[in-house]
2 protein chains.
Amino acid sequence: MDTNSVGLVKEQQFTFASAEDPMKLESGHTLGPIDIVYETYGEPNEDKSNAILILHALSGDAHVAGYHHPNDKRTGWWDVMVGPGKGFDTSKYWVICSNIIGGCKGTTGPGSINPQTGKHYCQDFPIITVGDMVEAQKKLMDHLGISKLYSLAGGSMGGFQVIEWILRFPEMTRSAICIASCARLSAQSLAFNAVGRKAITMDPGWNDGCYYGTPGPIQGLAIARMIGHITYLSDLSLDSRFGRKLQSADRFSYDFTTEFAIESYLQYQGQRFTERFDANSYLYLTKAMDYFDIARSYGSLDKAFAAVKAKCLFMSYNSDWLFTSEQSREIVQALKRNKKDVSFIEINSPYGHDAFLTEYEQPKRIIVPFLDSVGKKKI
Amino acid sequence: MDTNSVGLVKEQQFTFASAEDPMKLESGHTLGPIDIVYETYGEPNEDKSNAILILHALSGDAHVAGYHHPNDKRTGWWDVMVGPGKGFDTSKYWVICSNIIGGCKGTTGPGSINPQTGKHYCQDFPIITVGDMVEAQKKLMDHLGISKLYSLAGGSMGGFQVIEWILRFPEMTRSAICIASCARLSAQSLAFNAVGRKAITMDPGWNDGCYYGTPGPIQGLAIARMIGHITYLSDLSLDSRFGRKLQSADRFSYDFTTEFAIESYLQYQGQRFTERFDANSYLYLTKAMDYFDIARSYGSLDKAFAAVKAKCLFMSYNSDWLFTSEQSREIVQALKRNKKDVSFIEINSPYGHDAFLTEYEQPKRIIVPFLDSVGKKKI
């Protein structure tokens, strides 16, 4: 274990709302009770003014850094950025991350048991939005006694939550870091999500969403993940890593076996994803992404950002073609027109959208002084 | 019917090879007999020196222009470019197009009856390559008494065939027009093809390829087409045409119905494709695309193009992210290093890869003088 690791961490759980007093969702539907699974790293200071909330992306979870068990082979999903001396320095900050509602990593989602029926929610689970995820996180902040967040950070769909946070709770957010994100999905991104969902629901294993206790729509989910995975990587990184290399031969096999290394890699990624992710959550969370549209919700981007109080940092990656630098710039310009305190940095990286998970040296050099500067600013 | 239409045309058929004397394929396997379906437009001149062979792309066929029946609603796939006074002027040139082997529009493919078994080939059909398609077209040229082609033209996978033609039969090709194509698929394109094939073969309707007489893997094929379709269009054209428009409502429905216009469009395209295309052909033809790799076949691009005699024109579209301008330039540079007669034009168009099918004004302005110049060049 490296000396900058947060080491062993434990999942915690918090429950709010109930069948009688449920949470009201953006759709008009209700949900309750709601379990929220979360983890914390570092320690709160006396007045809990050093809390940083990390928001995870589509396939992430509350386990940001460190290990659950001493013999875990893999760390949390953003271990490169969260730990003592790292970009989010847990010797200074109290870092918190919770699994989003609708997910499948402990927080209430379509695979949870509906206490009113004693069965899995399946497709009876209500549609949730990014706003709903954030409202649930707010309940957790209240529970933890945090009245003001030192900062918020998230990439991709995590960035959507960052944006909802600074809009919904301006008084609670001193600063915010939004990475490789956007104010709404483009038509192309809507299209990729739609095809992924179609692959899941056409799989006979889907069974209208009631597949718990069976293998479920694992082939459809694998295809959805394969499509997603292509969009997470740049064409340049695919070419340099795989190119047209064959997986295990020098010559073409002239048949339909998995032959090119890129095919084999994608199939592996697809198959592995089915072992750790629930297809219904994939449906609900991609739909939440589709619905996310700040300009639509508030009338325009300029109107949306009028009430923001947080000092903001936006970062994008030049090879990201899923959530482009242009899309980050669009938000930054709207914040600037509102005369908000906002910085924007486009980072050069060949790794496409996935860079937000894997790059850490450049992000650390940007994020550390940004977080320092927040402390110097009068509240 | 517009005055520049070729009007009513008839499909024709030519058969070569046999079970006893089959065509030897690049894979080492054999195929025969082989039916080739083709169409011609305009008239041959006395020595048949005015023939232009059009090569179609993945989902195309021999029906390039005009109508099969007076009440047809749709013309052939490149009617905008082929007709009297059009880019390929049928009052001057004798234009020919044949359906490729492995296809499903009359030429022998996996859905054809294997005369040795009396049943559909299904997956017993041998893997075919772009080189094999071109060798079969050469037999048709021999049959038609064409000793030298005035020109060849094709976009996308049609461009692959153009390239194979000028390499395999340099003495037969006076000129060649290659549009929105490349010398080999990138890792990203291999990836999209692989996911499309996976969607087909995971569909229980696929039944290992033996589905004739049943609906077949229509959902998987629709998904493959939807993925393909996204790659054929630019993000800009998707945003301007569909953006985030809802199909038939003003407000979000907060359910999993087809809601955004882009979803509806893609599903329509996917579904329509299943009515006109055979899933096995989709598997065989995308695999042929994957295998196409001139540098691999000849040792390098420079070696590949050493023997070329044709005057060449390469065109690409600036918004095409499937087969990029950069990929066309790579070929053009190899031809230039070989001191070949080659021109390259990148056309501005917002329509992405699909521009090769829909754009006609700019291509006409480029192609007409190019074809004129071929006639002025000493043979």
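Helices and strands here are DSSP runs, numbered from the N terminus. The model shown in these views is predicted.

**View 1. The loop that holds His68(A)**. In chain A, His68(A) sits in the loop that runs between β5 (51-55) and β6 (82-83). With a relative accessible area of 27%, His68(A) counts as partly exposed, because that class lies between under 20% for buried and over 50% for exposed. Apart from neighbours within four places in sequence, the contacts of His68(A) are Leu8(A), Val9(A), Glu11(A), Glu39(A) and His63(A). Gly228(A) is 160 residues away from His68(A) along the chain, and 28 Å separates the C-alpha atoms of the two.

**View 2. The largest nonpolar core, with Met141(B)**. This core has 199 residues. Met141(A), Trp165(A), Met141(B) and Trp165(B) are the residues with the most contacts inside it. Not counting residues up to four places away in sequence, Met141(B) touches Leu53(B), Ile96(B), Ile146(B), Leu149(B), Trp165(B) and Met172(B). A second core, separate from this one, has 31 residues, including Ile177(B), Ile366(B), Phe370(B) and Leu371(B). In soluble globular proteins, nonpolar side chains tend to be buried together.

**View 3. Helix α3 of chain A against helix α6 of chain B**. Helix α3(A) covers residues 187-202 and helix α6(B) covers residues 261-276. Their axes come within 9 Å and cross at roughly 55 degrees, so α3(A) and α6(B) are oblique to each other. The crossing of these two helices is right-handed. From α3(A), the residues in contact are Ala187(A), Leu190(A), Ala191(A), Ala194(A), Val195(A), Arg197(A) and Lys198(A). On α6(B), their partners are Ile262(B), Glu263(B), Leu266(B) and Gln267(B). By class, the residues of this contact are seven nonpolar, one polar and three charged.

**View 4. Helices α3 and α4 within chain B**. Here α3(B), residues 187-202, meets α4(B), residues 218-232. The two axes come within 7 Å and cross at roughly 160 degrees. Angles over 145 degrees count as roughly antiparallel, and α3(B) and α4(B) are therefore roughly antiparallel to each other. The crossing of α3(B) and α4(B) is right-handed. On α3(B), the contact is made by Phe192(B), Val195(B), Gly196(B), Ala199(B) and Ile200(B). On α4(B), it is made by Gly220(B), Leu221(B), Ile223(B), Ala224(B), Ile227(B) and Thr231(B). Eight of the residues in the contact of α3(B) with α4(B) are nonpolar and three are polar, with no charged residues.

Methods:
Residues numbered from 1 in each chain as written. Chains lettered and ligands numbered in written order. Predicted model: local features only at pLDDT ≥ 70, side-chain atom pairs only at ≥ 80, totals over all residues. Heavy atoms only, no water. Core = buried A, V, L, I, M, F, W, Y, C linked by side-chain atoms within 4.5 Å. Buried < 20%, exposed > 50% of the residue type's maximum accessible area, 1.4 Å probe, protein only. Contact = heavy atoms within 4.5 Å. Axes fitted to C-alpha atoms, helices over the stretch in contact; angles between N-to-C directions. Helix = DSSP H or I, 4+ residues; strand = E, 2+ residues; numbered from the N terminus. Parallel < 35°, antiparallel > 145°, perpendicular 65-115°, else oblique. Left-handed = near helix turned anticlockwise from the far one by under 90°. Nonpolar A, V, L, I, M, F, W, Y, C, P; charged D, E, K, R; others polar.
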